[in-house]
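Could you walk me through this model in my viewer, one selection at a time? I would like to know what to click on next and what to look for there.

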Amino acid sequence: MKPLQKDKETEAEKRMPWDANQVKGFFEGKFYHRCASDLPSPYTLKDKGWRFWLPLLMLFSGARPNELAQLHCDDIRQTEAGTWYFSLSDENGKTLKTGSSRRRVPLHSELVKIGFLEFVEARRKRNGPKEPRIFAELKPDKYGSLAAYASKRLRDTFIPEEITLQERQTFYSLRHNVRDALRRVKAPADTLLAVCGWTPAGKSVSDDYGDVGNPDLHREYVDAIAYPGLDLTFLHGVGGKL
């Protein structure tokens, strides 16, 4: 077995986060409003589940697209203290990019309000025991990536329909928005590692004793992730009906 590589990015590979107007424009755009349950002609195409949830999950977790596309229904768990989280691992055929990618990410309260837990439970019942993945409609490309098709559709069609991205801005940039949001609330280095999988210089998971990745320890910082001007109350309760 080969060890997972260290998370490194060259200068050319680094993305720029979306600005506040882009975040607001996309997540309060036409598609999400069409998903609102009180509209006469809601969005009903088969891509609705992943198109709705993947961007939202990235916006409030910092997870990579393929990490989210691989999620199983059973990866959504709750600690004894009551913190909901999703477990990112390389178990059951899943893959991770780096050694620091194994982690348990608290589920932001906004995702709970929008209805992610209800959505997962509905998918569990619909898929049955033979299909454990939440987004079972996503199929792997020739390299095994489950997020390749979704990322391409978002990049080429869905994002441009709502906003214009600048150079070095991509769908993946939302991961960097989360890092900046955590820094704004002065989240400690342990939280950047435990939530986003970014290893601060000179630090590794083994540097600390105890369970530094315990979701209970990082829940308050994840719940503090916010974006200026963004109001998603029109989506509350919608996600569980997709």
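Start by selecting aspartate 74, which is exposed at a relative accessible area of 52%; the cut-off for that class is over 50%. Keep in mind as you go that this is a predicted model. Now add arginine 124: its side chain meets that of aspartate 74 in a salt bridge, 2.6 Å from N to O. The two residues are 50 apart and link distant parts of the chain, with aspartate 74 in the loop between α4 and β1 (76-78) and arginine 124 in helix α6 (residues 116-127). Arginine 124 counts as partly exposed, at 31% relative accessibility.

Next, pick glutamate 67 and arginine 103. Here the closest N and O atoms of the salt bridge are 2.8 Å apart. Because glutamate 67 sits in helix α4 (residues 65-69) and arginine 103 in strand β3 (residues 103-106), this pair ties together parts 36 residues apart in sequence. Are these two buried or exposed? Both glutamate 67 and arginine 103 are buried.

For a salt bridge within one helix, move to arginine 183 and aspartate 180, whose side chains meet at 4.0 Å, N to O. They are three residues apart in helix α8, so about one helical turn separates them. Arginine 183 is partly exposed at 47% relative accessible area, and aspartate 180 is partly exposed too, at 26%. Then go back and select Arg64 along with Glu67 and Arg103: salt bridges with shared partners join these three into one network. The structure holds 13 salt bridges.

Time to look at the nonpolar core. The largest one has 60 residues, and Phe27, Phe52, Trp53, Leu56 and Phe116 touch the most other members. Helix α3 (residues 48-61) supplies the largest share of this core, with nine residues. Zoom in on phenylalanine 52 and show its contacts beyond four places in sequence: among them are Phe31, Tyr32, Ile114 and Leu242.

From there, select glutamate 162 in the loop between α7 and α8. Glutamate 162 is buried, at 17% relative accessible area. Which residues further than four places away in sequence does glutamate 162 touch? They are Gly25, Phe26, Gly29, Lys30 and Phe31.

Finish with two backbone stops. Most residues other than glycine have a negative phi. Arginine 168, however, has a positive phi near 70°; it lies in the loop between α7 (148-158) and α8 (174-184) and is partly exposed at 38%. Lysine 186 also has a positive phi, near 60°. Find lysine 186 in the loop between α8 and α9 (189-196), where it is exposed at 67% relative accessible area.

Methods:
Residues numbered from 1 in each chain as written. Predicted model: local features only at pLDDT ≥ 70, side-chain atom pairs only at ≥ 80, totals over all residues. Heavy atoms only, no water. Helix = DSSP H or I, 4+ residues; strand = E, 2+ residues; numbered from the N terminus. Buried < 20%, exposed > 50% of the residue type's maximum accessible area, 1.4 Å probe, protein only. Core = buried A, V, L, I, M, F, W, Y, C linked by side-chain atoms within 4.5 Å. Contact = heavy atoms within 4.5 Å.
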